Amino acid sequence: MRTNFVCGNWKMNTTRASAIALAEACVVASRQTPSVRVGIAPPAIWLSDVAATIAGSSVALFAQNGHPAASGAFTGESSYAMLKEAGAIGLLVGHSERRQLFGETDAVVATKVAAARALGLEVILCVGETLEERDGGTTLQVVNRQVDAGLAEIATLDGITIAYEPVWAIGTGRNATAAQAQEVHAAIRSRLAIRFGAQAAAVVIQYGGSVKPETAASLLAESDVDGALVGGASLDSAAFGSIIAAGAL
Ligand code: PEP
């Protein structure tokens, strides 16, 4: 049996004060809905403050990005050890904004996933097709390629969550339908089973892309949708709380 996992990706938003306030609200929401796992991914600069705020709660702290090298001349980057020391227990890898705006290839994603797992950090591996790819009928091909490539350097699915995030639904207000999400989630699980066997049945596969309180319940009701990765709506504590609550229905 999989536990629904709802994680907020705050992207490059919040002030220190608003991040702490949002984190406090997430602790309350998580206590109100204990059957759902709650995570938050604040900007790296607020990780320590947020870690202190959520200490003692079951809210899981994720980084949005990190550099897989242990240390060195990588101006502006944070190593995974640094993120861990700041309180993160995992990080997002392969988010479409990292792929599209920062040129992260499948090979880079694979290196990042392997380095994170080697340090014991959880990974939320994001995959998803563009509108052009969906319209061209290659959604499953693209997603399978990203899943295979992203996990190429690891031997087990321990510590791995997959987030299916159609690029055309991120920050656009346009949601995949529950049926569209279920189709791709089931395909991802089948793909994982080819390489990882029975472990695939236990892997949490989140849906991400303009998830809102109004759409969360129908998405999360699908059998292979095990939670949500939430961008915009996670910045509104009431909306995020409603999405978490939808995971318990
Ligand atoms: C995301 O950034 O992972 C995301 C899904 O964003 P939004 O919910 O705003 O579409």
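# Close-up views of a predicted model

**View 1. Thr172 and its surroundings.** The backbone nitrogen of Arg174 is 3.1 Å from a polar atom in the side chain of Thr172. Such a pair is a polar contact, that is, two N or O atoms within 3.5 Å; within protein, one of them must be able to donate a hydrogen and the other to accept it, and residues adjacent in sequence count only if both atoms are side-chain atoms. The model shown here is predicted, so local features need pLDDT of at least 70 and side-chain atom pairs count only at pLDDT 80 or more, while totals for chains, interfaces and linings use all residues. Residues are numbered from 1 along each chain as its sequence is written, and side-chain values use heavy atoms, with hydrogens and water left out. Thr172 sits in the loop between E6 and H8. Here H and E stand for helices (H or I, at least four residues) and strands (E, at least two), which are DSSP runs numbered from the N terminus. With a relative accessibility of 48%, Thr172 is partly exposed. On this scale buried means under 20% relative accessible area, exposed means over 50%, and partly exposed is in between (1.4 Å probe, protein chains only). Thr172 is 60 residues from Gly232 in sequence, and their C-alpha atoms are 9.8 Å apart.

**View 2. Gly173 in the loop between strand E6 and H8.** Strand E6 covers residues 160-164, and Gly173 belongs to the loop between this strand and H8. Gly173 counts as exposed, at 58% relative accessibility. Its C-alpha atom is 7.9 Å from that of Gly209, although 36 residues separate the two along the chain.

**View 3. The ligand and the residues around it.** There are 14 residues around the ligand, and Lys11, Glu165, Gly171, Ser210 and Gly232 come nearest. A residue is near the ligand if one of its heavy atoms lies within 4 Å of it. This shell is made up of 4 nonpolar, 8 polar and 2 charged residues. In this grouping Ala, Val, Leu, Ile, Met, Phe, Trp, Tyr, Cys and Pro are nonpolar, Asp, Glu, Lys and Arg are charged, and the others, Gly among them, are polar. Polar side-chain atoms of three residues can be followed to oxygen atoms of the ligand: Asn9 at 3.3 Å, Lys11 at 2.7 Å and Glu165 at 2.6 Å. The ligand taken alone exposes 290 Å², and the protein buries 96% of that area. Accessible areas come from the Shrake-Rupley method with a 1.4 Å probe; for residues, only the protein chains shown count as cover.

**View 4. The salt bridge between Arg2 and Asp226.** The side chains of Arg2 and Asp226 form a salt bridge, with N and O 2.9 Å apart. Arg2 is in the segment before strand E1 (5-9) and Asp226 is in the loop between helix H9 (213-220) and strand E8 (227-230), so this pair ties together parts that lie 224 residues apart in sequence. A salt bridge is a side-chain nitrogen of Lys or Arg within 4 Å of a carboxyl oxygen of Asp or Glu. Side chains of opposite charge can pair when their charged atoms come close. Arg2 is partly exposed, at 23% relative accessibility, whereas Asp226 is buried, at 3%.

**View 5. Asp226, Arg189 and their network.** Asp226 also forms a salt bridge with Arg189, the closest N and O atoms being 2.8 Å apart. Arg189 is in helix H8 (residues 178-196) and Asp226 is in the loop between H9 and E8, so the pair ties together parts 37 residues apart in sequence. Arg189 is buried, with 9% relative accessibility. Arg2, Arg189, Asp224 and Asp226 are joined into one network by salt bridges that share partners. Asp224 is in the loop between H9 and E8 and is buried, at 13% relative accessible area. The side chain of Asp224 also makes a polar contact of 2.8 Å with that of Gln182.

**View 6. The salt bridge between Glu104 and Lys112.** The count of salt bridges comes to 13. Among them is the one between the side chains of Glu104 and Lys112, at 2.8 Å from N to O. Both Glu104 and Lys112 are buried.

**View 7. Cys7 and Cys26.** The count of disulfides, pairs of cysteine sulfur atoms within 2.5 Å, comes to 0. Cys7 is in no disulfide, and the nearest cysteine sulfur, that of Cys126, is 9.1 Å away. A disulfide is a covalent bond between the sulfur atoms of two cysteines. For Cys26, the closest cysteine sulfur is in Cys7, at 9.3 Å, which is too far for a bond. Cys7 is buried, with 0% relative accessible area, and Cys26 is buried, with 3%.
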